[in-house]
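Biologist: I have a structure open and I am new to it. Could you show me how to read its features one by one?

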Amino acid sequence: MFDFSLYLASQLALTPADFRVDVLTGGLTNSTVRATFVSPVYPFNSQQPMASVVLKHAPYVASDPDQPMSVYQQTIEANALRYLAGRHDVQDLMRQFLNLEIPRLVHHDDTANVIWITDLGVSQTLEKFLATPGLSSTAVRELANTLGTFSARFWDLTARPSPEVIAAFERPVGPDSPAFFLVSTAHSIMSKRAVPDADTLSARIGTVMKAKEGIEPCLGMVDFWPGSILIRADGSLGLVDWEYFGLSTPGAEIGMLVAHLHLIISNHVREPEVCAATRTFISAFLDSYAAHAAPTSMYFKRQALVSYGREMVTALEFFATDLDEETKGRVLNAGVRTLRAAAASESEMDRASVDVSIAHMRDGSLQ
């Protein structure tokens, strides 16, 4: 385990009595802490004093410290936060959404594999928020409307990125690349579960993940799921964990998020209030997105279907301890059905099957 206290003391010339370190939970991959200082500090010649800062360490998976992980994710996140802070149009957009914040980069220590970012304060993940007892549907809709509207406008601003911008967020091709990992995981799961067209469906995932430059490209989080969406103590939103930022499509981003919202419903199937709140969030998010975006194309729908199906299938591996066997069966069936509906291309998609799958995605049904 990385010694954050020793590291902080050495970097800032402080004693352990000058700060407190608290481990943050909620993510799967990052070892993350909040350092709170007795007196504000100016780390790395920052212009503003900081009462606290968040540090993330690589190269091990937080949920499985025995599993090594590429440190290049930190380079991606550092580049992403610099890029977002440096784009005037993105910053103009942020000023229109005062109840939504993205952290800023403080420092990237590529020697110790530590990234320093500004602290968004006390918060909880979207999943924990949706499970809050007595949560009002109005509060859920307001947050979903904010996220849906912001997402539509953000993806529009970052549409059709230049080759130079795309290159800044490209990952080295190899066995630890997200596409390779997700395709191999999906193939393994479907093969073990005797899905007859496992080869075809897993290859479809890989093909769609690679084909993003030509049609409807944008820049996105790529890891757009409830663990990256924080609800702060004052009710505002925070978007964190930008280490997969890069070339994407609106359809792929939305498909992933909706899949993970469906998994919340699966995990809380015996808690009707949580399921209702999650369904409200899904519909409000999709409605607000649609109100601020161009009409969805068949390409958009196919991207959403494959992204959704990929996340549902791989959930059997990534969230194995959260799902009982009956739920795993429903989740797998939903993922496989959606991947099949995506067909081999937009021209081969059956509109009736697509409409049914899109309706299931909207209403939170795994049937």
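Modeller: We will go through sheet, hairpins, core, rings and cysteines in turn. Keep in mind that this is a predicted model.

Biologist: Let us begin with the sheet. In what order do the strands of the four-stranded open sheet lie?

Modeller: Read a sheet by order first, then by direction. Here the order is S6-S12-S11-S9, and the pairing is mixed. Strand S6 (100-101) and S9 are the edge strands, each pairing on one side only.

Biologist: Which sense does each pairing take, parallel or antiparallel?

Modeller: Take them one at a time. S9 (residues 123-125) and S11 run antiparallel, joined by three bridges. Three bridges also join S11 to S12 (residues 237-239), again antiparallel. S6 and S12 pair in the parallel sense, over two bridges.

Biologist: Which residues can I use to check the register?

Modeller: Pick one partner per pairing. Ser123 has Arg232 of S11 as its bridge partner. Leu230 stands opposite Gly238 in S12. Leu100 is bridged to Leu237 in S12.

Biologist: Which way do the side chains of S11 point?

Modeller: Look at alternate positions. In S11 (residues 229-232), Ile229 and Ile231 point one way. Leu230 and Arg232 point the other way, and all are buried.

Biologist: What packs on the sheet?

Modeller: Helix H5 (residues 137-157) does, touching S6, S11 and S12. The direction of H5 makes about 40 degrees with that of S12.

Biologist: Now the hairpins. Which residue takes a positive phi in the hairpin of S11 and S12?

Modeller: Check the backbone angles in the turn. Gly235 has a positive phi near 90 degrees there, and four residues lie between the strands. Now look at S7 (residues 105-109) and S8 (residues 114-118): they run antiparallel, with four bridges. His107 has Trp116 in S8 as its bridge partner. The S7 and S8 hairpin has four residues between its strands, and Asn113 takes a positive phi near 60 degrees.

Biologist: How do I read a core? Which members of the largest nonpolar core touch the most others?

Modeller: Find the residues with many neighbours. The largest core has 89 residues, and Met190, Trp242, Phe245 and Phe281 touch the most other members. Helix H11 (residues 298-318) gives the largest share, ten residues. A second, separate core has 16 residues, including Phe4, Leu12, Phe19 and Val41.

Biologist: What does Trp242 contact, beyond four places in sequence?

Modeller: Its contacts include Ile76, Glu77, Leu84, Pro103, Phe154 and Met221.

Biologist: And rings? How many aromatic pairs are there?

Modeller: For each pair, look at the distance and the angle. The whole structure has 17 aromatic pairs. Phe97 and Phe150 form one that is edge-to-face, 5.4 Å centre to centre with 80 degrees between the planes. Phe97 lies in the loop between helix H3 (88-95) and S6, and Phe150 in helix H5, so the pair ties together parts 53 residues apart in sequence.

Biologist: Why is the pair of Phe150 and Phe154 stacked?

Modeller: The ring centres are 5.7 Å apart and the planes are at 20 degrees, so Phe150 and Phe154 count as stacked. They are four residues apart in helix H5, about one helical turn. Both Phe150 and Phe154 are buried.

Biologist: Which residues do ring pairs link into a cluster?

Modeller: Tyr83, Phe97, Phe150, Phe154, Phe169, Trp242 and Phe245.

Biologist: Last, how many disulfides does a search find?

Modeller: A disulfide is a covalent bond between the sulfur atoms of two cysteines. The search of this whole structure finds zero. Cys218 is buried, with a relative accessible area of 1%. Cys275 is buried too, at 6%.

Key. Residues numbered from 1 in each chain as written. Predicted model: local features only at pLDDT ≥ 70, side-chain atom pairs only at ≥ 80, totals over all residues. Heavy atoms only, no water. Disulfide = S-S within 2.5 Å. Buried < 20%, exposed > 50% of the residue type's maximum accessible area, 1.4 Å probe, protein only. Core = buried A, V, L, I, M, F, W, Y, C linked by side-chain atoms within 4.5 Å. Contact = heavy atoms within 4.5 Å. Pairing = 2+ DSSP bridges. Axes fitted to C-alpha atoms, helices over the stretch in contact; angles between N-to-C directions. Phe/Tyr/Trp six-rings, centres within 6.5 Å; stacked < 30°, edge-to-face > 60°.
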